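I opened this model to look up one residue and then the pockets. My notes are below the structure.

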Amino acid sequence: MNFRSTRGKSEEVTALGAVESGLANDGGLFVPVEFPKLQIENTDANIARVAEFLLPIFFSGEKIESEISKIAREAFNFPAPLRNVDKGLYLLELFHGPTAAFKDFGARFLAGLFQAAKKNAIVLVATSGDTGGAVAAAFNEKPGIDVFVLFPDGGVSPRQRHQLTCWGKNVHSFAVQGSFDDCQALVKRAFLEWKGKRTLTSANSISVGRLLPQMVYYASSSLAYFKEKKKEAHFIVPTGNLGNAVAGMWARKIGFPIGKITLACNANDVLPKYFSTGEWKPKATQRTLANAMDVGSPSNMERLLDLYANPRDFSSLIDAHLVDDEAIKKTIGEVYKKWGLVICPHTATAFDYVLKNKVTDGIVVSTAHAAKFEGTVEPIIGKKIELPESLKSIASKTEKFQTIPPDFSLLMSELKRSDS
Ligand SMILES: *Cc1c(COP(=O)(O)O)cnc(C)c1O
């Protein structure tokens, strides 16, 4: 299946080609030229089954096609439970992977693809918190791959930082003295200017190799919901760079029973502002308690605008909700009191929408385990959160990282050192 650039000035590429290039030559993002229309009535809702059936479709006709089912099965080897919260309200738990955030799904599929394609590559990733950890875990000690992780110095929780910096020799971690946007700007420029021996490739949420697998949990949970409720599921998605939500929209596009997708945002209000006023004004990132959503200029907006030329005309399919830090804290407390659920600050943005709009039917997407943000959550609920097994097993590894200014030539010289 072919992919084209959102900016329309690059040649079409295959799915693997899109994964390998990261960004299109014209600076745009890759999107499928045509979305398949699937017959899904009799599909098994099991997540690994859905992954094995859905993902190969996008690689059809490529040499790697026959390996995609196996890569998908191995990437989706942990569950994504759909937990009933209250009446028609469900929680989709995406935090049962190795680094306890939804990023594990995409990162593990991407790493499997790279291995199958026998890539000798440098993976460069900017992270606002959880991406880098998931990517580092997925590529850790994989032969032929070096990983460079850039994260904002002081902008991630201590446990998140540990997950960014505790890996083997092939993972190089950098605390950048700046914001996530500074990290992302360095990465974008590196792709445009890279002329090395090894391929420099992305693992950010702009990567098709992460976006495609993220469709899988929307597909499987919406099928399960539909079997039970006989209606489309309204998803409420904690949103930053819009990679997770766009994957949901792609799943809807190919026929899964998905209704509205609500973008729950933190105080970085560029999306809610856009939906309320029509003005698109990317701005500097503001730090919040939901730090993995601290994005002032969501890259995947280009993909959303490519799907719907004017998303504001589709209010039955998409809306956005703004939640500040005070409301995040209040919601963590209320959700604990009301339902006994311990949620992370990101998931709280979605629950704030649920509480304020008295939502009784739908699926709240839970993007991370609360134990990653114990500094915020424990004082509110007044008890210790037990670490999930995955996090326990990496807790004893030591951190190693360098702190650097947001300086492009410095980053390039570090990359060059791994280029042999
Ligand atoms: C990355 C992340 C988000 C935001 O996802 P986007 O795809 O950037 O919109 C939300 N919550 C958590 C826990 C994350 O790690």
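The entries cover a threonine and then two pockets.

Entry 1, the model. I am working from a predicted model, not an experimental one.

Entry 2, Thr131. I looked up where Thr131 sits and found it in helix H5, which covers residues 131-139. Is Thr131 buried or exposed? I noted a relative accessible area of 9% for Thr131, so I entered Thr131 as buried, the cut-off being under 20%. I then listed its contacts, leaving out residues up to four places away in sequence. Thr131 touches Lys103, Val125 and Ala126, and also Ala203, Asn204 and Arg210.

Entry 3, largest pocket. I read off a volume of about 290 Å³ for the largest pocket. Which residues lie nearest its centre? I wrote down Ser21, Leu23, Ala24, Asn25 and Phe191, out of 14 lining residues. I checked which elements contribute to this lining: helix H1 (15-21), helix H7 (180-193) and strand S9 (199-202) each give at least two residues. By residue class, I have the lining of the largest pocket as eight nonpolar, four polar and two charged.

Entry 4, second largest pocket. I noted about 240 Å³ of space in the second largest pocket. Its lining has 13 residues, and I found Glu93, Phe95, Leu341, Val342 and His369 closest to the centre. How does the lining of the second largest pocket divide? I recorded seven nonpolar, two polar and four charged residues.

Conventions. Residues are numbered from 1 along each chain as its sequence is written. This is a predicted model: local features need pLDDT of at least 70, side-chain atom pairs count only at pLDDT 80 or more; totals for chains, interfaces and linings use all residues. Side-chain values use heavy atoms; hydrogens and water are left out. Helices (H or I, at least four residues) and strands (E, at least two) are DSSP runs, numbered from the N terminus. Buried means under 20% relative accessible area, exposed over 50%, partly exposed in between (1.4 Å probe, protein chains only). Contact means heavy atoms within 4.5 Å. On a 1 Å grid over the protein atoms alone, a cavity is a set of points where a 1.4 Å probe fits but cannot get out, and a pocket is an open set with protein on both sides within 12 Å along at least five of seven lines; lining residues have an atom within 4 Å of a point. Grid points are joined across faces, edges and corners, and a volume is the space filled by probe spheres set on the points. Ala, Val, Leu, Ile, Met, Phe, Trp, Tyr, Cys and Pro count as nonpolar, Asp, Glu, Lys and Arg as charged, and the others, Gly among them, as polar.
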